[in-house]
Number of protein chains: 2
Amino acid sequence: MSPNDRHPLTLRDVSEAAGVSEMTVSRVLRNKRDVSEGTRARVLEAARRLGYVPNRIAGALASQRVNLVAVIIPSMSNMVFPEVLTGISQVLDETGLQPVVGLTGYRPEKEERVLYEMLSWRPAGVIIAGLEHSEASRAMLAASGIPVVEIMDVDGTPVDSVVGISHRRAGRKMAQAIIRAGYRRIGFMGTKMPLDHRARKRFEGFTEALAKAGVEVADQEFYSGGSALAKGREMTAGMLARTPDLDFLYYSNDMIGAGGLLYLLEQGADIPGSIGLAGFNGVDLLEGLPRKLATMDACRLEIGRKAAGIIANHAAHPEAPREPVHIALEPRLSLGDTLRTP
Amino acid sequence: MSPNDRHPLTLRDVSEAAGVSEMTVSRVLRNKRDVSEGTRARVLEAARRLGYVPNRIAGALASQRVNLVAVIIPSMSNMVFPEVLTGISQVLDETGLQPVVGLTGYRPEKEERVLYEMLSWRPAGVIIAGLEHSEASRAMLAASGIPVVEIMDVDGTPVDSVVGISHRRAGRKMAQAIIRAGYRRIGFMGTKMPLDHRARKRFEGFTEALAKAGVEVADQEFYSGGSALAKGREMTAGMLARTPDLDFLYYSNDMIGAGGLLYLLEQGADIPGSIGLAGFNGVDLLEGLPRKLATMDACRLEIGRKAAGIIANHAAHPEAPREPVHIALEPRLSLGDTLRTP
DNA sequence: TACCACGGGGGAACCGTTTCCCATCTGGAT
DNA sequence: ATCCAGATGGGAAACGGTTCCCCCGTGGTA
């Protein structure tokens, strides 16, 4: 308010304005006891009038406590991570903790840099996607001394806590449902991302369960970049031209699955009679499609909420002994209208 | 590495291990001059061996410089803000600056709290969605003394810099295109969000331009919650049942527009002959639809990149005089297959 | 009256860096 | 031999809070 642009306000400025010591101002602003109602009101009024905003950097240094939670994820460009973030925010909002997001672009070196950067702020906890990290990253996480929650995936050895689903199992479950429904000539479409370990694990679980039933993937194709919906369309057209006798198409995500579904509907395909389809993720976009695509829910919101809960819990009870928490959520299969019942 | 869990490592630990002073370690780690190659190597080696991660809190306090950029947006749940964030990250990644995201849920009080929280970390800049803020928020922004970029919208008075499009103009442009194409009985569907000022401005611009042509919106409906694609479907069905003679439907976002499009295609409607459609945003999802929905690109990625660029520029030249930058991007109309040419 | 507990508030040290300035050493010029 | 510049490195004082401990005054109690 007062055009005192000399230098950002400090506790001292407020204390002088209120006629008390800096200590008292600090106590008032942190809602500590040992201050009378009168002084408290005076201090609050002075702080408000001056437009004082405390300096958390100094506060954090002195108290050795930081209200930041590092969240490290590969990307924002598909719907999955934003939804995880929404879950994290929902829970953290109630606790005074603040998420800080870092993006790795699925690149381990980038992940390492981002992690280093984040840890240098001494956050209250780390939420990081995946279980696959560079040696150095794992070392940093382990040495940080703060709670770490690896999310999305449970197939592997976590550094500390973990919240996710088993993608291998998700792949298997889908394969089993497909086999049970009587499909045998199965095609697979997915992203061309060697570093997307979760997609890989789903595919592995999928082929493994097919093998158990004596079935092999009859055709497969991988894409990268571009609009997923359009890619699903193109790839489906291409694959069916190449391998016309397919009776099922498994897509590694709902978006390309939806593209394939729209394409097949236009072609007048008999779904799920002569050809079935399934995707993965359970995005709510599917609700509005002409037919509901079979899919498997990845529990994204819940993963975010649970992970944030673990960090929040540690932050609330700093002295409590640290037990790693391992939560494996169960992806729910939804048959939709594109996977016939046996 | 060494199981020295006593207490997080400090410069002192590294300096002792390397046999130099803390100052020298600090210089090495910040790539400053005045250190011989030999010492530099020894220090680096010691830091690596110990697994030292600098404490930026202390660093920031001492140097009065912070590499964080506050990004304050309403939500992550539609594709628009994640894409803006992607743009911001792309640019900030090159500069050593780190975005910190805060979510407001379109609520001014929440925005105020989040902003306060963010400013208390003394970030290098603030990127905040929209031009409408509470009195207190505007005061905080103005008093903060750091570069502020308001994004998405240019219809209003910015606190400092601004990057966005004119939503009013976007609405007008779309209305003009519709009128020019000869449509006259126009229905509107949008979100029921009194606090989504940008949607409101688009609608205002839209009706204003229609009025100029002597046309009024013949029917309108607002929704909230749920899957946008499904809502678009339902609302379209409902509206056409209620007002069967509509010859155009304008949707406030592409998702509900896509729902409406899918519905009408199923009904075998003659698009764009007897009924036209248009959405807003230019999401790349539209590429894969059976017909391409007419839409208007909101330049989301570019907004993020430009806004981040302004902050990065200020951070790189701290002493340069601060000129507010005003950038109005031009949304591109794309006729797709659902808006006939005149 | 002496004592003590307690409410209310202040002072000093410290958190781990960076900034600023000074000390030392070397080698070449004088 | 002396002087000085440049290279290299160290020391002390911030930075703006919080923690910990102490002080003062008051009022009830023995």
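This is a tour of a predicted model with two protein chains and two DNA strands, in the order in which to select its parts.

Residues are numbered from 1 along each chain as its sequence is written, and chains are lettered from A and ligands numbered from 1 in the order in which they are written. Local features need pLDDT of at least 70, side-chain atom pairs count only at pLDDT 80 or more, and totals for chains, interfaces and linings use all residues; side-chain values use heavy atoms, with hydrogens and water left out.

**Stop 1: the two protein chains**

Select chains A and B. Chain A superposes on chain B by a rotation of 180 degrees with 0.0 Å of shift along its axis, at an RMSD of 0.0 Å; the fit is by least squares on the C-alpha atoms of residues with pLDDT of at least 70 in both copies. The two copies are thus related as by a two-fold rotation axis. To place that axis from chain A, pick A:V100: its C-alpha is the nearest of that chain, 2.5 Å from the axis.

Next, show the interface. Contact (heavy atoms within 4.5 Å) links 50 residues of chain A with 50 residues of chain B. Because 100% of the interface residues of chain A are also interface residues in chain B, the copies meet through the same surface. The two chains bury about 4500 Å² between them, 65% of it on carbon and sulfur atoms; buried area is the accessible area (1.4 Å probe) that two parts lose on being put together, summed over both. On the chain A side, select A:I57, A:W121 and A:R122, which lose the most area to chain B and together make up 15% of what that side buries.

**Stop 2: DNA strand C**

Select DNA strand C and the residues near it, where near means that one heavy atom of the residue lies within 4 Å of the strand. There are 27 such residues, and those that come nearest are A:S21, A:T24, B:S26, B:Y52 and B:R65. Among the strand atoms within 4 Å of the protein, 65% belong to sugar or phosphate and the rest to bases.

Three polar contacts (pairs of N or O atoms within 3.5 Å; within protein, one must be able to donate a hydrogen and the other to accept it, and residues adjacent in sequence count only if both atoms are side-chain atoms) can be picked here. A polar side-chain atom of B:R65 is 2.4 Å from a phosphate oxygen of DNA strand C. For B:R30, a polar side-chain atom lies 3.0 Å from a phosphate oxygen of the strand. A:A62 instead uses a backbone N or O atom, which lies 3.2 Å from a base oxygen of DNA strand C.

Colour by secondary structure; helices (H or I, at least four residues) and strands (E, at least two) are DSSP runs, numbered from the N terminus. Two or more residues of this surface come from each of α2 and α4 of chain A and α2 and α4 of chain B. The largest share, four residues, is that of α4(B). By class, the surface near DNA strand C has eleven nonpolar residues (Ala, Val, Leu, Ile, Met, Phe, Trp, Tyr, Cys and Pro), five charged ones (Asp, Glu, Lys and Arg) and eleven polar ones (the others, Gly among them).

**Stop 3: DNA strand D**

Move to DNA strand D. Of the 27 residues around this strand, A:S26, A:R65, B:S21, B:T24 and B:T39 come nearest. Sugar or phosphate accounts for 63% of the strand atoms within 4 Å of the protein, and bases for the rest.

Begin with B:R27, where a side-chain N or O atom is 2.7 Å from a base nitrogen of DNA strand D. A backbone N or O atom of B:S36 is 2.9 Å from a phosphate oxygen of the strand. In B:Q64, a side-chain N or O atom lies 3.2 Å from a phosphate oxygen of DNA strand D.

Which element supplies the largest share of the surface near DNA strand D? α4(A) does, with five residues. Twelve nonpolar, eleven polar and four charged residues make up this surface.

**Stop 4: domains of chain A**

Colour chain A by domain: domain 1 (11-54), domain 2 (66-166 + 301-330) and domain 3 (167-297), with bounds from an automatic or database domain assignment. The C-alpha centres of domain 2 and domain 3 of chain A are 30 Å apart. These two domains of chain A bury about 1200 Å² between them, 52% of it on carbon and sulfur atoms. Select A:Y106, A:S166 and A:E330, which supply 43% of the area that domain 2 of chain A buries against domain 3 of chain A, more than any other three residues.

**Stop 5: backbone details**

Finish with A:P272, in the loop between α11 (254-266) and β9 (276-278) of chain A. A cis peptide bond joins A:I271 to A:P272, with omega about 0 degrees. In chain B, a cis peptide bond joins B:I271 and B:P272. Last, select A:C299, in the loop between β10 (295-296) and α12 (300-316) of chain A; its phi is near 60 degrees, a positive value in a residue other than glycine.
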